[in-house]
Structure formats: structure tokens, C-alpha cells
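Dear colleague,

I am handing over the structure we spoke about, and below it you will find my notes on what turned up when I went through it. Please read them with the structure open beside you.

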Amino acid sequence: MSEVERGGTRLADKVAIVTGAGGGFGEGIARRFVAEGARVAVVDLRGEAAERVAASLGGAAIALQADVGSPQDVARVVAEARERLGTPGILVNNAGIAHRNKPLLEVTEEEFDRMFRVNVKSIFLFVNEIAPILRDAGGGVILNVGSTAGIRPRPGLTWYNATKGAVNLVSKSLAVELAPWRIRVNCISPVMGETGLLETFMGVPDTPENRAKFIGTIPLGRMSRPSDIANAALYLASDEAEFITGVDFPVDGGRTV
């Protein structure tokens, strides 16, 4: 029995690929999409995590283990999703990593390269694979998960901030270039969230006291949740947003005001 109650039809008959969907924001997006009628490829480097999420979503989801920085893996994901679920109409580039909050001179070249590979190169690879498919299908939707770090950066995360600045900006450029093919591209920029990366972003132990310090910078008084990001993704992926493209949508409780 699936954990998901299929209570809506806003994405009925749509096929979506969601990266980094083995937990956190990506899992929340996958669950919301399936609940609204979509068929979803749950993509994650952690194969067991992807299997767990897909199994809980029933027959509407498949699990695909992949390294989103590998051209071969990305091509395989798009081809397999197309074969098993149908032609994809929605791509959510959610996969992302960070270095631990620390002085910029302590960030290693390996950490730098890995972040750009996962956070930025993955978008390059997936867009190159899926844009022709969406073009030939008459259009589609690409959502990139950026960050408030690309709008109002926090100290100690300089090179992570740089990757998200790239995601936020490339989303606007893609929106303009892909508009003639009726491909809408938008960016969602969450504030620090209640996910597995929280302690990495804070750079200190995840204690109530340390959380309070960070929450104090968010006017609405809490961190983001997977459901917040999923709701934004649902709207931007749906036909209700058919005239919205090139938007950087902060889901941040007022952090970037």
C-alpha cells in the first residue's frame, strides 16, 4: 500500500524526473508530485534511499541510482525514465551538496570541484539531455533548486554560495533561451531547511540554542520544510504557472527581504 494519497490532479499524466529525491526537499517534491497525479523518477546517488522513497510511492514512481555529475549516468536516467514512465515533461534539478561552514581558506580544491560538479554541472548535463525531448514534445518545465545563499549569502559558505549564485542566474538565462521551445525554467531558492544538510550549513552542532541563532535571521521565525519547497515546486510545474518563467522564487520566510 502506498503512503501517498492521490488527492489531486494538477499534474495528471505528467512524467517528472526529480534529482536528489532520496531525502529532504527532493523527497518532499516527489511525494507532492505523485499525490497530484504525476509519475516520478526518484533519482539519487544513494540507491537504497531512492528505492525507499519510490517503494513508498507505489507504482507511480521508479528509483534510479545515479551520479548527477556523470554524463553517462544522466543520459541513462533520462532514457530509462522515458522508457519506463513515458516522455518526461518536468525536470527538477534538486541534487546538491555543500561544504561545512568554515573559513574560505580552509575549503579544499576537492570540495570546491565536487560542489560545482553536483550543484552546477548536473544542470548542464540534464538540460542538454532533456531540452530536445521537451522541445519535440511541444514544451515542458525545468525547475532548478537554488538557494537564498545565491541571493543573500552567509559567511563561511563562500564557495557553496558561488554554486547557488550560478544556479539562480543560469535559470534566468535558460528561461530566455528556451522560451521559443515553450520550455519554462524557474528557480526555487529555499532558506536553510530542516534537512540532513542543516548541521553542514550551520558549521556547529545542531542544538536548540544554535538553531535559535539561525532562526533569528528569518522573519517568519522558522526554517524551511520539505513541504514548503514541494508546494512551490508544484505550483511552478503546474499549468497554473503557464505564463511564469525566469523567476527566482525565494521560499525563505522573508530572509532575503
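Does aspartate 73 count as buried or partly exposed, judged by its relative accessibility? Please keep in mind while looking that this is a predicted model. At 18% relative accessibility, aspartate 73 counts as buried, because the cut-off for that class is under 20% relative accessible area. Aspartate 73 forms a salt bridge with arginine 76, and their closest N and O atoms are 3.6 Å apart. Both residues lie in helix H3, where three residues, or about one turn of the helix, separate them, and arginine 76 is partly exposed, with a relative accessible area of 32%.

Helix H3 holds another such pair, in which glutamate 80 forms a salt bridge with arginine 84, with the closest N and O atoms 2.8 Å apart. These residues are separated by about one helical turn, because they are four residues apart in helix H3. Glutamate 80 counts as partly exposed at 23% relative accessibility, and arginine 84 also counts as partly exposed, at 47%.

Outside that helix, arginine 32 forms a salt bridge with glutamate 36, the closest N and O atoms being 3.1 Å apart. Here arginine 32 is partly exposed, with a relative accessible area of 26%, whereas glutamate 36 is buried, with a relative accessible area of 8%. Glu27, Arg31 and Arg52 are linked in a network of salt bridges, and the count of salt bridges comes to eleven.

Turning to the packing of the helices, the axes of helix H3 (residues 71-85) and helix H4 (residues 109-136) come within 9 Å and cross at roughly 30 degrees, and this crossing is right-handed. On the H3 side the residues that meet H4 are Pro71, Val74, Ala75, Val77, Val78 and Arg82, and their partners in H4 are Leu125, Phe126, Glu129 and Ile133. Sorted by class, this contact has eight nonpolar, no polar and two charged residues.

The largest nonpolar core has 44 residues, and those with the most contacts inside it are Ile17, Ala41, Phe126 and Ile142. At least two residues of this core come from each of strand S1 (15-19), strand S2 (39-44), strand S3 (61-65), H3, H4, helix H5 (158-178), strand S6 (183-190) and helix H6 (198-202), and H4 gives the most, with ten residues. Leaving aside residues up to four places away in sequence, phenylalanine 126 touches Ile17, Thr19, Val68, Val74, Val77, Val78, Leu91 and Asn93. Apart from this core lies another, of 33 residues, among them Ala21, Val34, Ala230 and Leu236.

One last residue may be worth a look, namely lysine 164, which is found in helix H5. Lysine 164 counts as buried, because its relative accessibility is 4%. Again leaving aside residues up to four places away in sequence, lysine 164 touches Asn119, Val145, Gly146, Ser147 and Gly150. From C-alpha to C-alpha, lysine 164 and glutamate 48 are 27 Å apart in space, and in sequence they are 116 residues apart.

With best wishes

Definitions and conventions. Residues are numbered from 1 along each chain as its sequence is written. This is a predicted model: local features need pLDDT of at least 70, side-chain atom pairs count only at pLDDT 80 or more; totals for chains, interfaces and linings use all residues. Side-chain values use heavy atoms; hydrogens and water are left out. Axes are lines fitted to C-alpha atoms, for helices over the stretch in contact, and angles run from 0 to 180 degrees between N-to-C directions. A crossing is left-handed if the near helix is turned anticlockwise from the far one by less than a right angle, and right-handed if clockwise. Contact means heavy atoms within 4.5 Å. Ala, Val, Leu, Ile, Met, Phe, Trp, Tyr, Cys and Pro count as nonpolar, Asp, Glu, Lys and Arg as charged, and the others, Gly among them, as polar. A nonpolar core is a set of buried Ala, Val, Leu, Ile, Met, Phe, Trp, Tyr and Cys residues joined through side-chain atoms within 4.5 Å. Buried means under 20% relative accessible area, exposed over 50%, partly exposed in between (1.4 Å probe, protein chains only). A salt bridge is a side-chain nitrogen of Lys or Arg within 4 Å of a carboxyl oxygen of Asp or Glu.
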